[in-house]
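Biologist: Could you walk me through this model while I have it open on my screen? I would like to ask about it piece by piece.
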Amino acid sequence: LPVSLGLGLINVSLLINSTIGFLVSEEAPTAIDAAFRIYMLPQGMFSVAVATVLFPALSRLATRRDLAGLQALIGTGMRQIGLLLIPSAAAFAALSTPIVRLIYERGDFDADSTRQVSEALFWFSFSLPFSGITLLLTRTFFSLQRPWIPTQLALWSLAVNAVVSLALYEPLGIGGIVIGTAMSNLVLTLLEARRLRDVLGGLEIGRTLRAGAIMVGAAIVLGVVAYGAWYGLDQLLGRSLPAQIVTVTTALAVGGAAYAAIVLRSGLPEARQILDLFARRFRRAPS
């Protein structure tokens, strides 16, 4: 049960959202699910890449009771995950409608469906970095043989999700429901970080917050640049399927390049670490 709830929390949260979604409309649960599928793409791509490197080391350090080593590794992991998921969140927030239109809008999926799914994706984006960091913190508790701590905290976060979603679904519709998920993930991240800091005697919170401020600033630039590039190309090329592919991918590439330039120039060591990580993975990939 601890492992299932701790690591499957995001799916339980989706079930809560879908259930409350029926109070908005019959279409709302389907829209939330469609947005969730897009939302999970960077989670699977980036968090798994970082986890592949960090989680075995977490277990070794926990076995040796190397608390200082765990502090440093978790701090690095939180900053690496933030470095990847904060810009992903900015891209989803800035381009939620173009992304949803490109992926889904054809056949019975019309403009109104795009509006509903993009609204859910916009609000889902705010929970993306917290969800990734929570995954790391939860695994750390498991490595320390304390699985019931994240399980208990997960129950509190699910209660926050339900209460906030029920409070906001009527005035804000789909957006209000998904805001409940964002608040739930934020609360769980804060609770887990506090408990883990107490267990380890520290967690590099100050350093992580300073790095996070740089990432958020760069991500805002990403969002502005990406939306501007998409808007200009959209006006120029129209909305045929090939044109949408060009406009969305170009906007993401230009925005991503702006983000990368800022974080690399800032001197964040995690930026170089991520570059090295993906370089190694590409070199090992079969040709």
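Biologist: Is Phe 122 buried, partly exposed or exposed?
Modeller: In this predicted model, Phe 122 has a relative accessible area of 27%, so it counts as partly exposed.

Biologist: And what about Trp 123, buried or exposed or partly so?
Modeller: Trp 123 has a relative accessible area of 30%, and so it is partly exposed.

Biologist: How many aromatic pairs are there by the rule for ring centres?
Modeller: The count comes to 10 aromatic pairs. One of them joins Phe 122 and Trp 123, whose ring centres are 5.0 Å apart and whose planes stand at 90°, and because angles over 60 degrees count as edge-to-face, that is the label this pair receives.

Biologist: What kind of pair do Phe 122 and Phe 126 make, stacked or edge-to-face?
Modeller: Phe 122 and Phe 126 are edge-to-face, with 5.3 Å from centre to centre and 75° between the planes. Phe 126 has a relative accessibility of 43%, so it is classed as partly exposed.

Biologist: Which residues form an aromatic cluster with Phe 36?
Modeller: Phe 36 forms one aromatic cluster together with Tyr 39 and Phe 124.

Biologist: Changing topic to the helices, how do helix 4 and helix 10 pack?
Modeller: Helix 4, which covers residues 67-104, and helix 10, which covers residues 241-265, pack at an angle of about 160°, and their axes are 11 Å apart. An angle over 145 degrees counts as roughly antiparallel, and therefore that is how helix 4 and helix 10 are described. Their crossing is right-handed.

Biologist: Which residues meet in that contact between helix 4 and helix 10?
Modeller: From helix 4 the contributors are Gly 82, Leu 83, Pro 87, Ala 91, Leu 95, Pro 98, Ile 99, Arg 101 and Leu 102, and they meet Leu 241, Gln 244, Ile 245, Val 248, Ala 251, Leu 252, Tyr 259 and Val 263 of helix 10. Sorted by class, the residues of the contact of helix 4 with helix 10 are 14 nonpolar, two polar and one charged.

Biologist: What about helix 9 against helix 10, at what angle do they cross?
Modeller: Helix 9 (residues 205-237) and helix 10 cross at roughly 155°, and their axes come within 8 Å. Helix 9 and helix 10 are therefore roughly antiparallel to each other, and the crossing is right-handed. In the contact of helix 9 with helix 10, the residues divide into 20 nonpolar, four polar and one charged.

Biologist: How far apart are the axes of helix 7 and helix 8?
Modeller: The axes of helix 7 and helix 8 are 7 Å apart, with a packing angle of about 155°, helix 8 being residues 174-200. Helix 7 and helix 8 are therefore roughly antiparallel as well, and helix 7 passes helix 8 in a right-handed crossing. The contact of helix 7 with helix 8 has 18 nonpolar, eight polar and two charged residues.

Biologist: Now the backbone, what is notable about phi at Arg 65?
Modeller: Arg 65 is not a glycine, and yet its phi is positive, at about 60°. Arg 65 sits in the loop between helix 3 (28-64) and helix 4, and with 47% relative accessibility it counts as partly exposed.

Biologist: And where does Gln 145 lie?
Modeller: Gln 145 lies in the loop between helix 6 (128-143) and helix 7 (148-172). Gln 145 likewise has a positive phi of about 60° although it is not a glycine, and with a relative accessible area of 66% it is exposed.

Biologist: While we are in that region, is Thr 138 buried or exposed?
Modeller: Thr 138, which is in helix 6, has a relative accessible area of 1%, so it is buried. The C-alpha atoms of Thr 138 and Pro 150 are separated by 5.9 Å, and these two residues are 12 residues apart along the chain.

Biologist: Last one, where is Gly 267?
Modeller: Gly 267 belongs to the loop between helix 10 and helix 11 (269-284), and it is exposed, with a relative accessible area of 51%. Gly 267 and Ala 211 are 56 residues apart along the chain, and their C-alpha atoms are separated by 10.0 Å.

Terms used
Residues numbered from 1 in each chain as written. Predicted model: local features only at pLDDT ≥ 70, side-chain atom pairs only at ≥ 80, totals over all residues. Heavy atoms only, no water. Axes fitted to C-alpha atoms, helices over the stretch in contact; angles between N-to-C directions. Helix = DSSP H or I, 4+ residues; strand = E, 2+ residues; numbered from the N terminus. Parallel < 35°, antiparallel > 145°, perpendicular 65-115°, else oblique. Left-handed = near helix turned anticlockwise from the far one by under 90°. Contact = heavy atoms within 4.5 Å. Nonpolar A, V, L, I, M, F, W, Y, C, P; charged D, E, K, R; others polar. Phe/Tyr/Trp six-rings, centres within 6.5 Å; stacked < 30°, edge-to-face > 60°. Buried < 20%, exposed > 50% of the residue type's maximum accessible area, 1.4 Å probe, protein only.
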